[in-house]
Amino acid sequence: MQLGKLTKVDLRNAWKSEPEDFTRWLSLPENIALLGEELDLDIAFLEAEAGVGDFHADILAQEETSGKKIIIENQLESSDHRHLGQILTYAAGLQAEYIIWIVRVAREEHQQAIDWLNSHTDDSINLFLVTIELWQIGGSDPAPKFVVLSRPNGWARAVRSHVTDATAMTEIKVRQLEFWEQLKVFAAQHKPPLRLRAPRPQHWLSIAIGRADCHISLTLHITNDKIACELYIPDNKALYHGLYSEREHIQEALAMVGNLDWQELPERKASRIRVMHPYHFADEDRTNAFRWLVETTIRFKNTFPNFW
């Protein structure tokens with residue numbers, strides 16, 4: 001077998017101007033999704049050149065499942081002190097919880113600064129330092145590659161945010177985190193693979209479905225020996241009612257996963273459409289539970305958008 005040779009391409013060959021070319025390129029859904037895959041974030045673009053006083057953040061986005069704001073600052077040169085100050089200013093002005101700094105080359109002192117900030121802030125502030133590269137094989141089109149140099153320590157933060165003293169998490173939290181960690185591995189190996197967010201010790205795991213006003217939520221009901229998959233709608237009764245009007249067609253499309261439980265929850269802002277499945281949590285073999293959760297999630301992702 002003859003193999004090709006990877007060649008690194010100068011970024012300016014593809015993007016002459018940072019704001020006019022690179023930011024516009026990154027704003028496209030398929031490109032911002034590439035960045036999201038590397039960061040384990042579901043990123044939804046909101047606007048370019050978002051105003052913050054006399055300054056403008058390159059990209060303002062949001063995390064799809066939570067609506068938390070994301071600032072993306074692009075720098076197709078080596079990192080510098082000015083941009084480090086800017087990203088913190090933008091985050092404060094726009095109340096962003098995720099800060100993504102994309103550079104050509106990261107200077108060591110700036111990577112140390114981002115690592116230090118991640119280790120000294122709580123999980124309401126999350127900073128990422130990322131380099132962008134272009135590679136080609138032979139005469140192929142250049143392909144972008146995001147390399148994450150610094151990111152929040154998800155494990156440490158999950159523990160720190162849920163532990164009330166210096167001992168350990170409760171047994172139930174440990175079991176929840178272990179279940180989600182194993183599901184994440186299983187989902188990545190499934191055909192087709194399903195990308196899940198970094199788990200936390202809690203009874204739910206959220207998954208984006210392509211719009212910011214709803215998401216899929218997987219839940220554990222350990223005391224009742226059940227697992228569940230639901231479309232969770234935090235605050236959009238019109239969306240729920242629109243889907244409810246198509247409930248027969250939706251149930252038909254999702255017949256293989258079981259009977260849907262339509263919960264309008266009229267006393268609350270939220271609504272949900274849920275299906276539950278029995279699972280005995282004392283069982284050591286979780287393969288069937290993982291398979292049901294992954295396949296049900298994929299069916300939800302493929303079905304509900306057809307009825308928006």
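These legends go with close-up views of a predicted model.

**View 1. The largest nonpolar core gathers 39 residues.** Welcome to the interior: the residues with the most contacts inside this core are Phe 179, Leu 183, Leu 218, Ile 227, Leu 243, Phe 300 and Phe 304. Two or more residues each come from the helices α7 (171-189), α8 (237-244) and α10 (287-303), and likewise from the strands β8 (204-207), β9 (215-221), β10 (226-233) and β12 (271-278). The largest share belongs to α10, which gives 7 residues.

**View 2. Phe 304 and its contacts from elsewhere in the sequence.** Here we zoom in on one of the residues with the most contacts inside the largest core. Once neighbours within four places in sequence are set aside, Phe 304 is in contact with three isoleucines, Ile 209, Ile 250 and Ile 273, and with the leucines Leu 231, Leu 243 and Leu 254. Leu 243 is itself listed with Phe 304 among the residues with the most contacts in that core.

**View 3. Another core lies apart from the largest one.** This second set has 25 residues, including Leu 35, Leu 41, Ala 61 and Tyr 98.

**View 4. Helix α4 packs against helix α5.** The axes of α4 (residues 81-94) and α5 (residues 108-120) are 10 Å apart and form an angle of about 25°. Being under 35 degrees, that angle makes α4 roughly parallel to α5. The crossing of the pair is right-handed.

**View 5. The residues where α4 and α5 meet.** From α4 come His 81, Leu 84, Ile 87 and Leu 88, and they meet Glu 109, His 110, Ala 113, Ile 114 and Leu 117 of α5. By type, this contact comprises 6 nonpolar, 2 polar and 1 charged residues.

Technical notes. Residues numbered from 1 in each chain as written. Predicted model: local features only at pLDDT ≥ 70, side-chain atom pairs only at ≥ 80, totals over all residues. Heavy atoms only, no water. Core = buried A, V, L, I, M, F, W, Y, C linked by side-chain atoms within 4.5 Å. Buried < 20%, exposed > 50% of the residue type's maximum accessible area, 1.4 Å probe, protein only. Helix = DSSP H or I, 4+ residues; strand = E, 2+ residues; numbered from the N terminus. Contact = heavy atoms within 4.5 Å. Axes fitted to C-alpha atoms, helices over the stretch in contact; angles between N-to-C directions. Parallel < 35°, antiparallel > 145°, perpendicular 65-115°, else oblique. Left-handed = near helix turned anticlockwise from the far one by under 90°. Nonpolar A, V, L, I, M, F, W, Y, C, P; charged D, E, K, R; others polar.
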